[in-house]
Amino acid sequence: MLIVGGIIGWLAGLLTGRDVPGGIIGNIIAGFIGSWLGGLILGSWGSVIGGFAIIPAIIGSIILVLIVSFILRKMGHKKNHDHHAK
């Protein structure tokens, strides 16, 4: 399950062109949370590998990666902006 979760997280990062923070552990976490999110939104359909409904899991992980990268970018801009103000 950890391997499949890691692959799903890695694929989500690859498809969005964004790095998942935390390397391999981040990929596994993104895969697990993403598959849960995808299951909530899309249900579980399609192929199931290692306990993950692959298509909803990847879509959920992509959504998660985009949200996390958006939040991190906003936080990064805020930090940089505050730094320039001093």
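Helices are DSSP runs of H or I with at least four residues, numbered from the N terminus; in this predicted model, Thr16 belongs to one such run, helix α1.

**Figure 1. Overall organisation of the predicted chain.** Three helices and two strands make up the secondary structure. Read from the N terminus, the elements follow the order α-α-β-β-α. Of the 86 residues in the chain, 34% are buried. The accessible surface amounts to about 5700 Å², and carbon and sulfur atoms account for 72% of this area. When contacts between residues at least 6 apart in sequence are considered, 56% of them join residues at least 24 apart.

**Figure 2. Close-up of helix α1, residues 2-16.** The 15 residues of α1 should span 21 Å at 1.5 Å a residue, and the end C-alpha atoms of the helix are 21 Å apart, so the two values agree. The buried residues of α1 are Val4, Gly5, Gly6, Ile8, Gly9, Ala12, Gly13 and Thr16. Just after the helix, Gly17 adopts a positive phi of about 75°.

**Figure 3. Surroundings of Thr16 in helix α1.** Thr16 has a relative accessible area of 14% and is therefore buried, the cut-off being under 20%. A polar atom of the Thr16 side chain lies 2.8 Å from the backbone oxygen of Ala12. Leaving aside residues up to four places away in sequence, Thr16 is in contact with Ile62, Val65 and Leu66.

**Figure 4. Close-up of helix α2, residues 23-42.** Helix α2 contains 20 residues and reaches 27 Å from its first C-alpha to its last, close to the 28 Å expected at 1.5 Å a residue. Its buried residues are Gly26, Asn27, Ile28, Ala30, Gly31, Gly34, Ser35, Leu37 and Gly38. Gly43, just after α2, takes a positive phi of about 75°.

**Figure 5. Packing of α1 against α2.** The two helices, α1 and α2, pack with their axes 6 Å apart and at an angle of about 90°. Helix α1 is therefore roughly perpendicular to α2, a description that covers angles of 65 to 115 degrees. On the α1 side, the contact is made by Leu2, Gly5, Gly6, Ile8, Gly9 and Trp10. On the α2 side, Asn27, Ile28, Ala30, Gly31 and Phe32 take part.

**Figure 6. Surroundings of Gly34 in helix α2.** Gly34 counts as buried because its relative accessibility is 0%. Although Gly34 and Ala57 are 23 residues apart along the chain, their C-alpha atoms are separated by 5.6 Å. With residues up to four places away in sequence not counted, Gly34 touches Ile29, Pro56, Ala57, Gly60, Ser61 and Leu64.

**Figure 7. Surroundings of Ser35 in helix α2.** At 17% relative accessibility, Ser35 is classed as buried. The C-alpha atoms of Ser35 and Ile55 lie 8.8 Å apart in space, with the two residues 20 apart in sequence. Excluding residues up to four places away in sequence, the contacts of Ser35 are with Ala30, Phe52, Ala57 and Ser61. Ala57 and Ser61 also appear among the residues touched by Gly34.

Key:
Residues numbered from 1 in each chain as written. Predicted model: local features only at pLDDT ≥ 70, side-chain atom pairs only at ≥ 80, totals over all residues. Heavy atoms only, no water. Expected span 1.5 Å × (residues − 1). Buried < 20%, exposed > 50% of the residue type's maximum accessible area, 1.4 Å probe, protein only. Contact = heavy atoms within 4.5 Å. Areas by Shrake-Rupley, 256 points an atom, 1.4 Å probe, with all protein chains shown as cover. Polar contact = N/O pair within 3.5 Å; in protein donor to acceptor, adjacent residues only side chain to side chain. Axes fitted to C-alpha atoms, helices over the stretch in contact; angles between N-to-C directions. Parallel < 35°, antiparallel > 145°, perpendicular 65-115°, else oblique.
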